[in-house]
Amino acid sequence: MAKVLAGITTSVDGYVAGPDDGPGKGLGEGGERLHYWVFGGPWSYGNEPAGEPTGEDAAWLSEAMGRIGAVVGGRWTYEAAGHWGDRNPWGLPFFIVTHRPEEEPAGDAFTFVSGVREAVERAREAAGEKDVHIMGGADVIRQAREERLVDELSIIVAPVVLGGGKRLFDGFTDSLELEHIRVRQSPFATFVDYRVKG
């Protein structure tokens, strides 16, 4: 049966974005270091990433992408990423959770929906036999967890301390019981995959 997966990269001190994240600086001050694993090494907002993941980074990403049939993301992530240049970076049905879907542009790249439950339901339909991936940001993952929609959670820990920014579990009022599935490690990240039990 298809699953709902949530995954996000965090610093060692638990931040998924550094301070002052937003358009042009989607991961906040110093937050580029969170995604070195995605681009095969260092990059910066002023110097767009040109590399690709290698080794364990590429293996984890390839395995994850092979399972996914649709993606759910949050409006803040969409804005902070500059709408990905109005091009869907996943090449899969992509549902953006927003409070005002009727105000969003019509197009083929993204579908705007009014809540995380609706987004996941529509993504399940679009994914068919494949899994749904909730990419974040943190708020959308928290909402999906609170709605009991997440089957598996991947926490990708980058070897960096940001000292401030946005945390994944800020404002989280529910307990969370996890079962360890697997761990992988590279110079840029430690990938910890969990099954959500409760």
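**Figure 1. Asp21 is a buried residue, with a relative accessibility of 16%.** Here, buried means under 20% relative accessible area, exposed over 50%, and partly exposed in between, with a 1.4 Å probe and protein chains only. This is a predicted model in which local features need pLDDT of at least 70 and side-chain atom pairs count only at pLDDT 80 or more, while totals for chains, interfaces and linings use all residues. Residues are numbered from 1 along each chain as its sequence is written, and side-chain values use heavy atoms, with hydrogens and water left out. Asp21 pairs with Lys166 in a salt bridge whose closest N and O atoms are 3.1 Å apart; the term stands for a side-chain nitrogen of Lys or Arg within 4 Å of a carboxyl oxygen of Asp or Glu. Asp21 sits in the loop between strand 2 (15-17) and helix 1 (36-39) and Lys166 in strand 8 (residues 166-167), so the bridge ties together parts 145 residues apart in sequence. Helices (H or I, at least four residues) and strands (E, at least two) are DSSP runs, numbered from the N terminus. Lys166 is partly exposed, at 33%.

**Figure 2. Glu56 and Arg184 join in a salt bridge of 3.6 Å, N to O.** This contact links distant parts of the chain, with Glu56 in helix 2 and Arg184 in strand 9 (residues 178-185), 128 residues apart. Glu56 is partly exposed, with a relative accessible area of 35%. Both residues belong to a network of salt bridges with Glu63, Arg182 and Asp193. The whole structure holds 15 salt bridges.

**Figure 3. The largest cavity has a volume of about 140 Å³.** On a 1 Å grid over the protein atoms alone, a cavity is a set of points where a 1.4 Å probe fits but cannot get out, and lining residues have an atom within 4 Å of a point. Grid points are joined across faces, edges and corners, and a volume is the space filled by probe spheres set on the points. Of the 14 lining residues, Leu5, Trp60, Ala64, Arg67 and Ser154 lie nearest the centre. Helix 2 supplies the largest share of the lining, four residues.

**Figure 4. The second largest cavity encloses about 60 Å³ of space.** Its lining includes Ala6, Ile141, Phe169 and Val196. Helix 5 (residues 138-146) gives the most, three residues.

Notes. 1 Å grid on protein atoms, 1.4 Å probe; cavity = no way out; pocket = protein on both sides within 12 Å on 5 of 7 lines; lining within 4 Å.
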